[in-house]
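Take a moment to look over the structure shown below before reading on. The paragraphs that follow move from a single helix to the chain as a whole.

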Amino acid sequence: MTKKLILVVIDGLTPDAFEATVERRSSPTLAALAEAGSYARAVSTFPSLTPVCLASLATGGGPDVHHIPHLVWYHRGEGRIVEYGSSFGAVRAAGTRRVIKDAIVEMNAEHLASDAITVYEALEDTGLVTAAVNVPCYRGRTRHVATVPGVVRPVNGPLRFFYYNLFASDVTGAPLAVRGRAVGSVDAYAAAVGRWLVTRDGFDFLFFYLPDYDFASHALGPAGAEEALARSDRAVGALVDAAGGLDTFLERYDVVLCSDHGQTHVERAVRLQDVVGEPGAIVTASNRAGMVYLDGDVRPVAERLARSEGIGVALFREDDASYALRGEELVELAPGEGGWRSRAWHALANPNAGEVIVSAAPGVEFMDLGGRHHVGGGSHGSLDDGDSLVPMLVVGDASPPPSITAVAPLVLEHFGVEAPAYARAA
Ligand SMILES: [Zn+2]
């Protein structure tokens, strides 16, 4: 009989931090799962930013398939900036109600490409039950009405759907204190919901998303967030305990555990708008990636940016070809060649991307709409390995997939469901 499957995503967990905590056994549940499974390092998407990565994890497609380009981007059809919540300052600058609507509702209902297929949609179409806890990319087939009236309109999610207490398909009694973010309140909520789900054996597939580690790592840097990782570990441990211990847990479930992207240390902040300095250009920047939306000649702007302080790589398209500029070096990009070039190609092929996409130089972060940054802490988003590599652990028959984009096809294959054509080709 096919086991059930749990996908655990610990936001922002680097392979270094995962390997160190397993080695030291400072995260006992992660260490026990690592002992029972097979592990490898895998690669994220570009930009290596949560909305982009989670859309890839949920659909098995790159940004060219799912169309989510960045944390903040320019919507050409609506002539406005879409901001999913780079920081409290950026949320205020973009308008709190607008951000809530974009991040919670529109990202799934409108921005996520209609021909991308989520794991929830693909599995539930075959009669399986899927569940998602706090996953920003949740599009499914079941209509859910918000628990708080008047905040957001109803959305379509998986059958069992829990989203920060705003949507709850079942009454679990799980508490949520959003004010305690720095001490792991969101993951504690996820743990309570997860415990409820496992106790009732309430799903075939569960996407269990833990965002608090990323929050801590931004503040403290990727080397300073070990305490936060111990809390993420306890949230995973709650699932194991609910099943009656590791042996019974693993008799019932296979597990894929990974992160969405890495993090690197930030030394200085750059305001990308000032670097671009192009009249009429629209610049959207946050963390370690930026988009430049331009009319007219693209290559001269990309060339100037590539030579500028704080820019690692500038990407652009010209006559259907895709290019990367690293300083003076021009590289033509193609999909499927692996490594950073392939990730760059997929980012440029997204119809919502800017004409130029920039990846920050090592140690540099771009200020967001609210002027915020994480100097002295951690960030991510660039093409660099530190931002792009993730830990990938599989407890089950499959081998660890080489990229986060290959996770959804693995999940579908586990249940004998054919992956969408775009994921088979990749
Ligand atoms: Zn982050």
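The expected span of a helix is 1.5 Å times one less than its number of residues. In this predicted model, that rule can be applied to helix α8, which covers residues 185-199: its 15 residues should span 21 Å, and because its end C-alpha atoms are indeed 21 Å apart, the expectation and the model agree.

Is α8 mostly covered or mostly open? The helix is mostly covered, with 12 of its 15 residues buried, where buried means under 20% relative accessible area. Among the buried residues of α8 are Tyr-189, Trp-196 and Leu-197, together with Ala-190, Ala-191 and Ala-192, and the list also includes Asp-187. After the helix comes Asp-201, which has a positive phi, near 55 degrees.

Around α8 stands a chain that has 17 helices and 22 strands. Its C-alpha trace spans about 60 × 45 × 40 Å along the principal axes. For 426 residues a compact globule would have a radius of gyration near 22 Å, and the chain has 20 Å, which agrees.

Of the 426 residues in the chain, 59% are buried. Among contacts with a separation of 6 or more, 68% are between residues 24 or more positions apart. The accessible surface comes to about 16,200 Å², and carbon and sulfur atoms account for 50% of that surface. As for charge, the chain carries 35 positive and 52 negative side chains, and the centres of these two sets lie 6 Å apart.

Conventions
Residues numbered from 1 in each chain as written. Predicted model: local features only at pLDDT ≥ 70, side-chain atom pairs only at ≥ 80, totals over all residues. Heavy atoms only, no water. Helix = DSSP H or I, 4+ residues; strand = E, 2+ residues; numbered from the N terminus. Rg over C-alpha atoms; globule rule 2.2 N^0.38 Å. Buried < 20%, exposed > 50% of the residue type's maximum accessible area, 1.4 Å probe, protein only. Contact = heavy atoms within 4.5 Å. Areas by Shrake-Rupley, 256 points an atom, 1.4 Å probe, with all protein chains shown as cover. Lys, Arg positive; Asp, Glu negative; His and termini not counted. Charge placed at Lys NZ, Arg CZ, Asp CG, Glu CD.
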